[in-house]
Amino acid sequence: ARVQVHGKRRERAERTLCDLQQRSRSGLAALDAWLAVLGSRKVLDESAASAALRALDELEARWKPLRIPAHDVEASAWL
């Protein structure tokens, strides 16, 4: 009887350990997936920021020749 009780306790402990291992593996897999998503978002955000900066630089380059010079006070005041 004592051996059976010990065997059942051991089986229960092994099942619990197995369950905990599966949960920890699942949790780590989910965490790895989230980290991959965050990494992808970071790359996309950096690409978007770079594209926005290039667009602003291009807009500035196109607009700069059309601006009234700062030393032309009379024209600036009229606007």
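**View 1. Glu58 and its partner Arg62 in helix α1 of the predicted model.** In this predicted model, Glu58 counts as partly exposed, with a relative accessibility of 44%. Its side chain forms a salt bridge with Arg62, and the closest N and O atoms of the two residues are 2.8 Å apart. Arg62 is itself exposed, at a relative accessible area of 59%. Both Glu58 and Arg62 belong to helix α1, where 4 residues, or about one turn of the helix, lie between their positions in the count. Side chains of opposite charge can pair when their charged atoms come close.

**View 2. The salt bridge between Asp19 and Arg23.** The side chains of Asp19 and Arg23 meet in a salt bridge with an N to O distance of 3.3 Å. Because Asp19 and Arg23 are 4 residues apart in helix α1, about one helical turn separates them. Asp19 has a relative accessible area of 32% and is therefore classed as partly exposed, whereas Arg23, at 58%, is exposed.

**View 3. The salt bridge between Glu14 and Arg10.** Here the side chains of Glu14 and Arg10 come together in a salt bridge, at 3.1 Å from N to O. The two residues are both part of helix α1 and are 4 residues apart, which corresponds to about one turn of the helix. Glu14 is partly exposed, with 44% relative accessible area, while Arg10 is exposed, with 53%.

**View 4. A positive surface patch that includes Arg12.** Lys8, Arg9, Arg12 and Arg15 form a positive patch on the surface. Of these residues, Arg12 can be placed in helix α1, which covers residues 2–63. Arg10 is not listed among the patch residues, and its side chain is engaged in the salt bridge with Glu14. A residue qualifies for a patch only if it has no salt bridge, so Arg10 is left out of this one.

**View 5. The chain as a whole, as context for the close-ups.** The chain contains 2 helices and 0 strands. A search of the whole structure finds 3 salt bridges, among them the pair formed by Glu58 and Arg62. Buried residues account for 0% of the 79 residues in the chain. The accessible surface of the chain comes to about 7700 Å², and carbon and sulfur atoms contribute 61% of that surface.

How values were computed. Residues are numbered from 1 along each chain as its sequence is written. This is a predicted model: local features need pLDDT of at least 70, side-chain atom pairs count only at pLDDT 80 or more; totals for chains, interfaces and linings use all residues. Side-chain values use heavy atoms; hydrogens and water are left out. Patches are made of residues with over 30% relative accessible area and no salt bridge: like charges are joined within 9 Å, nonpolar side chains (Val, Leu, Ile, Met, Phe, Trp, Tyr) within 5 Å. Accessible areas come from the Shrake-Rupley method with a 1.4 Å probe; for residues, only the protein chains shown count as cover. A salt bridge is a side-chain nitrogen of Lys or Arg within 4 Å of a carboxyl oxygen of Asp or Glu. Lys and Arg count as positive and Asp and Glu as negative; His and the chain ends are not counted. The place of a charge is taken as NZ of Lys, CZ of Arg, CG of Asp or CD of Glu. Buried means under 20% relative accessible area, exposed over 50%, partly exposed in between (1.4 Å probe, protein chains only).
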